[in-house]
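The following paragraphs lead through a single-chain model, beginning with its confidence and proceeding to its sheet and its helices. Please keep the sequence and the structure in view while reading.

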Amino acid sequence: MSEKPELIAFTDGACSGNPGPGGWGVLLQARRGGEVVKERELKGGEPDTTNNRMELLAAITALECLSRPSEITIVTDSAYVKNGINEWLPTWKRNGWKTSTRKPVKNVDLWQRLDAARARHSVRWEWIKGHAGHPENERADELARAGMAPFLNGGAASRDRA
């Protein structure tokens, strides 16, 4: 019997203006012995959003698209997502979704959704420098830009799960 494939999701968000039209992208790979055995691309966007919301939606979608509890590595170039997951989230929850200065957490709806989505899985979070020539991160960026494209120049479209 063959080993279970390793799941890796490369996630990215993009925004034209901040706020403005935005998109998110996910390159989901199943690897066995370091080789990609299956790939799935996901993308979507919104007409009026922020880059941080798109970064969060990419990570959320990567986790929500999995049909059963899984071990997965989420690779993000977002310091906001990395710091939120690794440092801020436990304190926000303990403080009733307030920051250390007692202000409401921004994007609380998405942070709560991400927290619920990750609870189903065993998630390893990895941060990489964006726009540094990492091929999978560049593909996630392309997907995010494609997800944003229908909303540029006043267009309106619903998200597309390729």
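The term pLDDT denotes the predictor's confidence in each residue, on a scale from 0 to 100. The model discussed here is a predicted one. Its chain has a mean pLDDT of 92, and 93% of the residues reach 70 or more. Confidence is highest in helix α1, at 98, and lowest in helix α2 (residues 79–94), at a mean of 95. Over residues 157–162, by contrast, pLDDT stays under 50; for this stretch the model has 18 contacts beyond four places in sequence. Where pLDDT is low, the predicted coordinates should not be read in detail.

The sheet may be considered next. Five strands form an open sheet in the order β3-β2-β1-β4-β5, and their pairing is mixed. The edges are occupied by β3 (35–49) and β5 (122–127), each of which has a single partner strand, so one side of each is left without a neighbour in the sheet. On average, and with direction ignored, neighbouring strands of this sheet are turned by 20° against each other. Within the sheet, strand β1 (residues 6–15) pairs with strand β2 (residues 20–32) in the antiparallel sense, over ten bridges. F10 stands opposite L27 in β2.

The helices follow. Two packed helices are described by the angle between their axes and the distance between the axes. For helix α1 (residues 51–64) and helix α3 (residues 108–119), the angle is about 25° and the axes lie 9 Å apart. Because angles under 35 degrees count as roughly parallel, α1 is roughly parallel to α3. The crossing of α1 past α3 is left-handed. On the α1 side, the contact is made by R53, L56, L57, A59, I60, L63 and E64; α3 contributes D109, L110, W111, R113, L114, A117 and R118. The residues of this contact between α1 and α3 comprise nine nonpolar and five charged ones, with no polar residue.

How are α2 and α3 packed? Their axes are 11 Å apart and enclose an angle of about 95°, which makes α2 roughly perpendicular to α3. From α2, the residues Y80, V81, G84, I85, L89, W92 and K93 meet W111, L114, D115 and R118 in α3. The residues of the contact of α2 with α3 divide into seven nonpolar, one polar and three charged. W111, L114 and R118 of α3 thus appear in the contact with α1 and also in the contact with α2.

Conventions: Residues numbered from 1 in each chain as written. Predicted model: local features only at pLDDT ≥ 70, side-chain atom pairs only at ≥ 80, totals over all residues. Heavy atoms only, no water. Axes fitted to C-alpha atoms, helices over the stretch in contact; angles between N-to-C directions. Helix = DSSP H or I, 4+ residues; strand = E, 2+ residues; numbered from the N terminus. Parallel < 35°, antiparallel > 145°, perpendicular 65-115°, else oblique. Left-handed = near helix turned anticlockwise from the far one by under 90°. Contact = heavy atoms within 4.5 Å. Nonpolar A, V, L, I, M, F, W, Y, C, P; charged D, E, K, R; others polar. Pairing = 2+ DSSP bridges.
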